[in-house]
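Hi there,

Here is the structure I promised to pass on to you. Have a look at it first, and then read on for my notes.

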Amino acid sequence: SFEMARWEYPDLEIERGQTVVAADGEVTKVHIVRDLKLEKIDPGDDTVSGAAPAGNEVEVRAYDMNVDFFDMPLRVVEAGTDGKWLADFSESVGDEPSDDAFDIESGVTGEARIVDLTNDATLIYWHYEDTVIEVYPEGSISGIGWSPTADITITVNTSVYEVTANEHGMFNTEWEGLDIEVGAGDTVEVTDGITTKVHLVTALEITAIDWAGGVVSGLADTDLAVKVKLLKPHNGYGPPQLVDEDEVMPEPDGSWTVDFAEEITADIYVFVFQEDDDGDRTVVVAESVGAGSIEYDSFTDDSITFLVKDAEDNPYDGTVPGAVTLREQDDKGLTDYAVIRADSVDWSPNIDGDGYATVTFSNLEHKNVEGYVMPFTEYFQVTVETADGEVALTIVVELECGGGFTDTWQDATIEDITFM
């Protein structure tokens, strides 16, 4: 096992040949940044190549997120007299798991490093993607797989924007502070002077997410499949972990629903896209939007209304994609008591745009004891919480229970709400 720390200095430009000194008061390490470069990723030959000082060993690793780090495909190659190196993953080179062949395809990420005699290293990341346009209708356009460091021209209908791809061939208009107006039906053209691609933006949107039930719904163009991925950010470096995925064709009215049949936890984000025949996409993303507090508001004979607020004490907008719903906490709900029956309970209730959510208990009844019992009052402690489990409220529900003979079920009504 190993531990790793990372320090980030956004305004610091690290250049080849610089000396880096790290000290904690007990240990001091010194490393000279090596002249390591990535030049080409060839998915056809499954090779990664670049340049380094002649004679230097270069460790090239492909991130296979299905195995442990030290079992991920690894090639150790030497830079030739011309300073060129090439790592070939097309065939197995030994008996260790890291020696296995590996298929470099769209979405693969990896690293290349030169390690010095004291085990310090110069490292660069590499990433391969097919040349792709991604349009986010909320106002940004990104690309992957374009010519590294190329000047990129983006045309949205007749509006023209200029950006620059990074050394990995990626760009994003948000990185350069551009305010892009783009929406359904717009035509987006992107060129780096070598490759030109065009994408017609679809009417894709997420209209609702039931995080507790795992249901994602929305609208879209009817001629392209809607693909939904549940992704968890990688706990370190590399691409996000794919938790689950599904796809569906929209209904004739453009509506679509994907049911994963299990809770989508707060550490997962929802990545939804429609992809044209050339692999370009209209994309919408939703993350769980946490609430700040739950307050009791009012009650009726068979319902309780709550007001949910955000972290800034404003009404929580439960209609936005990613918003949480409410639920009874496990084993602490009104219907968890053996003597209470509610055949139909509206859980988890959606929170409306003004922050209100109402829980309705239909067929609310109390189990009578054997013999004749006069009407009586009973108190039950109930906890409600947001579906992500981050915010909770405990109340005491006062039930007026009807009397009667034998051990039959008797009507019960909510008489008051109090607190501990």
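Below is what was found, beginning with a sheet and going on to salt bridges.

Please keep in mind that this is a predicted model.

First, the sheet. Four strands form an open sheet in the order 13-12-15-16, and their pairing is antiparallel. If you trace that order, you will find strand 13 (159-164) and strand 16 (196-200) at the edges. Each of these two has a single partner strand, so one of its sides has no neighbour in the sheet. From one strand to the next, the twist averages 20 degrees.

Now look inside the sheet, at strand 12 (residues 151-156) and strand 15 (residues 187-191). These antiparallel strands are joined by four bridges. A good spot to find on screen is Val 156, which stands opposite Val 188 in strand 15.

Next, the salt bridges. How many does a search of the whole structure find? The count is 17, and three of them are described here.

One is formed by the side chains of Glu 134 and Arg 281, with an N to O distance of 2.5 Å. Glu 134 belongs to strand 10 (residues 132-136) and Arg 281 to strand 23 (residues 281-287), so this pair links distant parts of the chain, 147 residues apart. Both Glu 134 and Arg 281 are buried.

Another pairs Asp 280 with Lys 197, whose closest N and O atoms are 3.1 Å apart. Asp 280 is in the loop between strand 22 (269-275) and strand 23, while Lys 197 is in strand 16, so the salt bridge ties together parts 83 residues apart in sequence. Are these two residues buried or exposed? Asp 280 counts as buried because its relative accessibility is 0%. Lys 197, at 6%, counts as buried too.

The third joins Glu 295 and Lys 309, and here the closest N and O atoms are 3.4 Å apart. Since Glu 295 sits in strand 24 (residues 293-299) and Lys 309 in strand 25 (residues 303-309), the pair ties together parts that are 14 residues apart in sequence. Glu 295 is partly exposed, with a relative accessible area of 30%, whereas Lys 309 counts as buried at 16% relative accessibility.

One last thing to look for is a network: Glu 134, Lys 227, Glu 275 and Arg 281 are joined into one by salt bridges that share partners.

Enjoy exploring!

Best wishes

Key. Residues are numbered from 1 along each chain as its sequence is written. This is a predicted model: local features need pLDDT of at least 70, side-chain atom pairs count only at pLDDT 80 or more; totals for chains, interfaces and linings use all residues. Side-chain values use heavy atoms; hydrogens and water are left out. Two strands pair if DSSP finds at least two bridges between them. Axes are lines fitted to C-alpha atoms, for helices over the stretch in contact, and angles run from 0 to 180 degrees between N-to-C directions. A salt bridge is a side-chain nitrogen of Lys or Arg within 4 Å of a carboxyl oxygen of Asp or Glu. Buried means under 20% relative accessible area, exposed over 50%, partly exposed in between (1.4 Å probe, protein chains only).
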